[in-house]
Amino acid sequence: MNAIATGAADAIKIRSLVKRFGAFTAVKDVNLSVPAGAFLVLVGPSGCGKSTLLRMLAGLEAPSEGEIGFVGQTVSSGVGGVIADAGRRNAGLVFQSYALWPHMTVAGNIAWPLKVAKWPRDKRDRRVREVLSLLGINALSERYPAEISGGQQQRVAIARTIAPEPSILLFDEPLSNLDAKLRIEMRSELMRIHRATGATSVYVTHDQVEAMTMATHVAVLNNGRVEQFGKPIDLLRNPQTTFVATFLGTPPANLLGVRRIDDGLVFGETTLAPAALAADHDEVQLLYRAEDVCVGVTAGAPSLVARFAEAAPIAGRTMVTAMIGELRVTAMADGYFTATPGEQIPLSFIRTPDAVFAATGERIHQ
Amino acid sequence: MTSLSLFAPSGGRLLRSGFLLPAFLIAVVAILVVAPLLRILLTTLTPEGLAAWKAVLFSPLSANLWWRPLFNTMILGFSVGAGCLLIGGFLAWLVVMTDVPGRRYLGLMATLPYMIPSFAAALAWGTLFRNSRLGGSAGFFETSGLAIPDWLAWGLIPTAIVLIAHYYSLAYTIIAAALSSVGADLVEAGQMAGAKRPRIFFGIILPVVTPALIAAASLTFAGAVANFAAPALLGLPVRMQTLSTRLFGMIETGQNERGFVLALLLIAVSALFLWLSDRIVSGRRAFVTVTGKGGRTKRFPLGAWRWPLFTVAVVIGLLTTVMPVLVLAASSLAPQSGALFSNWTLHFWIGEGGGEIAQGQAGIFRNPVLIDALWNTIRLGLVVAFTTMLLGLALAYTIVQRRGSLLATVLSQLAFLPLLVPSIAFAAAYIALFGAPIGPLPSLYGTFALLVIAASAHNLPFAVQSGRSVLGQISADIEESARLTGAGLIRRLFAIIFPLAIRGLFAGAILVFVKMVRDLSLVVLLFTATSPVLSMVAYRYAAEGFMQFANAITLVILVVCLAASLLAHSLQNRVQKWKQP
């Protein structure tokens, strides 16, 4: 509703955001903005600053520098601290631990934020029933949190968060405590809820699969910095750093460090690609997707000998992991393939590298 | 089932047949716990006993024997419960939920008063506030020219204050544990909902810790109701009677049946309240906090109140820990008990007898009775610690291994029964059972053995609890993986089980030792001249007006307790190097 009033303003706009804890800088100069209705996923390894970023969005932490704006209004800044309190930014947070209040029933948990917001009783009751059925947990309304399963607690936590109709939904690794099957189920459930509420969502995870499947926008974080921000498919196709290239994608892509010798890029003794790809660098890293590396010798394609490590059948083909020295390489084989661990197998690189990176990790554009 | 046969390395086969140990334990628990309680009940059902019931409850005497002591006891129980909840709760909130400076030290200080026996605090109070109403020497304040009114020198109010000063740290421990289990997420979820601090406090934090508040209130209530030392030292001189002092008086004057009746009534009062609180707390709303992350607690900024509240907490801590010890120490050096800081002498410690001071009595370290009592006390502490932990481990083992069976249920219920019985009433039950010869067995009354048996029985709930936690540290997997290497039972016992269990056993044993060394209410009835213990000697001296001797002995008790705790601390770190303290 605010979004309409302010017209083109981004639903969430983060400018030069920095967060320091003592001498440690958890978030370094983050700039992001997403339109209303977006599903932004912050993904990165543990300790990359993604949860801190989310807590600043929620208003639970004040930034050290920079600004956060919600629909055109500054809610926190390095100068003013938390300008709008956590409760006043029309945002809801789903905690990793669910944070259900153990002394209230399921219905009580959902109703309490509405009571705090002074909703009239009949409107409140109607809304509680509504979100209970949206999450499919009507039958649990009189139970206490300790009496329901982890997956059900998760649903209650989501119901509680969306009940006050926040315009921004924040999720802190909400699926990490669920088992694999339930996680996939809840993934589509969350996307359904995202569409049903129309809220702008920010979702923190360390699982790149969740990022790729759910996001409209992805920010890959590493060491407190945004490595790359964009649509999931763009990040996958056009990684700008080796970190993004290896962090995203299933199966993981391969990076081979090569040297320029004459007019070729050489790995060990084998020339893999023409030197022109490296521009003016002498040592570069070549990105090969698993599907561009084949088990076996292919005429005309450079090949390397590797030690077989393991094989996993996937959708009619086989994903093969092998070691070249200390380097782990993932390749594909047609049909079903297996070998004895340690056995020498040839791997051929059937296409030109998907991307070339400098030794320091940045993409080299031709 | 893995065999954790700790108890008979050579007789493992017999134990695994699963009959001998449980049968033995049932017999032991029956004799230690059930028999005395049954006996005291049966004794009051004899014609003399029934007459005693009538005298206590329905006779012109009953106002003095039962109603007035009951009234005093209840007043004490409720005021101590409320006071401990306020002070312990305040400190717990300050330490756990706020950014008060020096939180760790405040927390440590709040747990210390429980280490100081309640009679130490009572003696210190007397040393300061005693007035001349009863003759004898006045306390420090009156000697210094401050008139102390009777209500502040004797009776209910000083007793309640001394008991609150002792028991608030129990409330603190319980409430602080509950508050730290309130995860930051729960609070932040409330903030996200837009709730302000008071709303979060009353709407989330307080309800979540309510079970702990009720538990703290009922345990401190039960402690105050059962306490003997404080009302005896501060109330008896002005004839203020509680149920426990009344019960003591009856048995001391040979009116055993009346004493037994009062003991049963005291058990009923104490058990009733513990049971009621348990009923309130249990049930559907006996919520366990469901949090994943845990550990992190939300600390609210106090702003301008940081230092004032810090000061309040420090003052409470100093008044209840350092102050009593200093007063006792000064008094044990002062020839005139009112003039705490003049003419200090070591007479009460090492002086030879025959002089002007202390009616010619020698100092405590020259008094053979006292040296005797010191050794007796340490011996009692050691023996009881050993028997208690052994018994606790055996019981815990059987209960854990046969979880769910009738035997396990019966054993654990019986082992926890002493928790409901105030120690002075428990002692009365032991007099009822062992006060007279049983068949061919001689009367045990007045022997060291009876003290050991009664104390072991009374410590059973604690022993089983710590036995269970010790066994909980040794998972079946650990033992099984050792077994798969082919190590024999004895080898496993010494290489795996013992090193893992030793720390827990040791910690439990030290606590039992300390409890025994400073106990008065259990030994006060079972003690005789042939087996004196320190606390009892101190009580006698205090009752006879030799405050300096009483205070000096109390200091000795404190030093023994402190030394044991320090020893435990340093040994623990040495025994299990892989664990951080």
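# Exercises on a two-chain model

A:Pro251 is placed in the loop of chain A that runs between α9 (242-247) and β12 (254-261). The model used in these exercises is predicted.

## Exercise 1: Backbone features in loops of chain A

**Task.** State which residue is joined to A:Pro251 by a cis peptide bond, and determine whether A:Asp262 is buried or exposed.

**Solution.**
Step 1. The loop position of A:Pro251, between α9 and β12 of chain A, has been given above. The cis bond joins this proline to A:Thr250, and its omega is about -10°.
Step 2. The next loop to examine lies between β12 and β13 (264-267) of chain A, and it holds A:Asp262. This residue is not a glycine, yet its phi is positive, at about 55°.
Step 3. A residue counts as exposed if 12 or fewer other C-beta atoms lie within 10 Å of its own. A:Asp262 has 7 such atoms and is therefore exposed.

## Exercise 2: A loop residue and its contacts

**Task.** Locate A:Thr216, classify its exposure, and name the residues that it touches.

**Solution.**
Step 1. A:Thr216 belongs to the loop between α7 (208-214) and β10 (217-222) of chain A.
Step 2. There are 16 other C-beta atoms within 10 Å, so A:Thr216 is partly exposed.
Step 3. When residues up to four places away in sequence are not counted, A:Thr216 touches A:Ala38 and A:Phe39.
Step 4. A:Gly81 lies 135 residues from A:Thr216 in sequence, and their C-alpha atoms are 29 Å apart.

## Exercise 3: The contact between the chains

**Task.** Describe how many residues each chain gives to the contact, and the kinds of residue on the side of chain A.

**Solution.**
Step 1. Chain A contributes 24 residues and chain B contributes 23 residues.
Step 2. On the side of chain A that touches chain B, β7 (91-94) and α3 (106-116) each supply at least two residues. The largest share, three residues, is that of α3(A).
Step 3. By kind, this side of chain A comprises 16 nonpolar, seven polar and one charged residue.

## Exercise 4: The overall form of chain B

**Task.** Decide how the radius of gyration of chain B compares with the globule rule.

**Solution.**
Step 1. Chain B has 27 helices and zero strands. Its radius of gyration is 25 Å, close to the 25 Å given by the globule rule for 581 residues, so chain B is as compact as a globular protein of that length.
Step 2. Along the principal axes, the C-alpha atoms occupy a box of roughly 75 × 75 × 50 Å.
Step 3. Of the 581 residues in chain B, 48% are buried. Among contacts with a separation of 6 or more, 75% are between residues 24 or more positions apart.

## Exercise 5: Two helix pairs in chain B

**Task.** Classify the packing of α2(B) with α14(B) and of α5(B) with α9(B).

**Solution.**
Step 1. Two packed helices are described by the angle between their axes and the distance between the axes.
Step 2. For α2(B) (residues 20-43) and α14(B) (residues 256-281), the angle is about 120° and the axes are 9 Å apart. The two helices are therefore oblique to each other, and the crossing is left-handed.
Step 3. In this contact, B:Ile40, B:Leu41 and B:Thr43 of α2(B) meet B:Glu257, B:Phe260, B:Ala263 and B:Leu264 of α14(B). Five of these residues are nonpolar, one is polar and one is charged.
Step 4. For α5(B) (residues 103-111) and α9(B) (residues 156-180), the axes come within 8 Å and cross at roughly 130°. This pair is therefore oblique as well.
Step 5. Here B:Gly107, B:Ala110 and B:Thr111 of α5(B) meet B:Ser169, B:Tyr172, B:Thr173 and B:Ala176 of α9(B). The residues divide into three nonpolar, four polar and no charged.

## Exercise 6: Two loop residues of chain B

**Task.** Determine whether B:Ile364 is buried or exposed, and do the same for B:Arg239.

**Solution.**
Step 1. B:Ile364 lies in the loop between α17 (347-350) and α18 (368-401) of chain B. A residue is buried if 20 or more other C-beta atoms lie within 10 Å of its own; B:Ile364 has 27, so it is buried.
Step 2. Beyond its neighbours within four places in sequence, B:Ile364 is in contact with B:Phe348, B:Trp349, B:Leu370, B:Phe549, B:Ala552 and B:Ile553. B:Trp349 is 15 residues away along the chain, with a C-alpha separation of 5.0 Å.
Step 3. B:Arg239 is in the loop between α12 (229-234) and α13 (243-252) of chain B. It has 11 C-beta neighbours inside 10 Å and therefore counts as exposed. Although B:Arg239 is not a glycine, its phi is positive, at about 60°.

Notes: Residues are numbered from 1 along each chain as its sequence is written. Chains are lettered from A and ligands numbered from 1 in the order in which they are written. This is a predicted model: local features need pLDDT of at least 70, side-chain atom pairs count only at pLDDT 80 or more; totals for chains, interfaces and linings use all residues. Axes are lines fitted to C-alpha atoms, for helices over the stretch in contact, and angles run from 0 to 180 degrees between N-to-C directions. Helices (H or I, at least four residues) and strands (E, at least two) are DSSP runs, numbered from the N terminus. Angles under 35 degrees count as roughly parallel, over 145 as roughly antiparallel, 65 to 115 as roughly perpendicular and the rest as oblique. A crossing is left-handed if the near helix is turned anticlockwise from the far one by less than a right angle, and right-handed if clockwise. Two residues are in contact if their C-beta atoms, placed from the backbone, lie within 7 Å. Ala, Val, Leu, Ile, Met, Phe, Trp, Tyr, Cys and Pro count as nonpolar, Asp, Glu, Lys and Arg as charged, and the others, Gly among them, as polar. The radius of gyration is taken over C-alpha atoms; the globule rule is 2.2 Å times the number of residues to the power 0.38.
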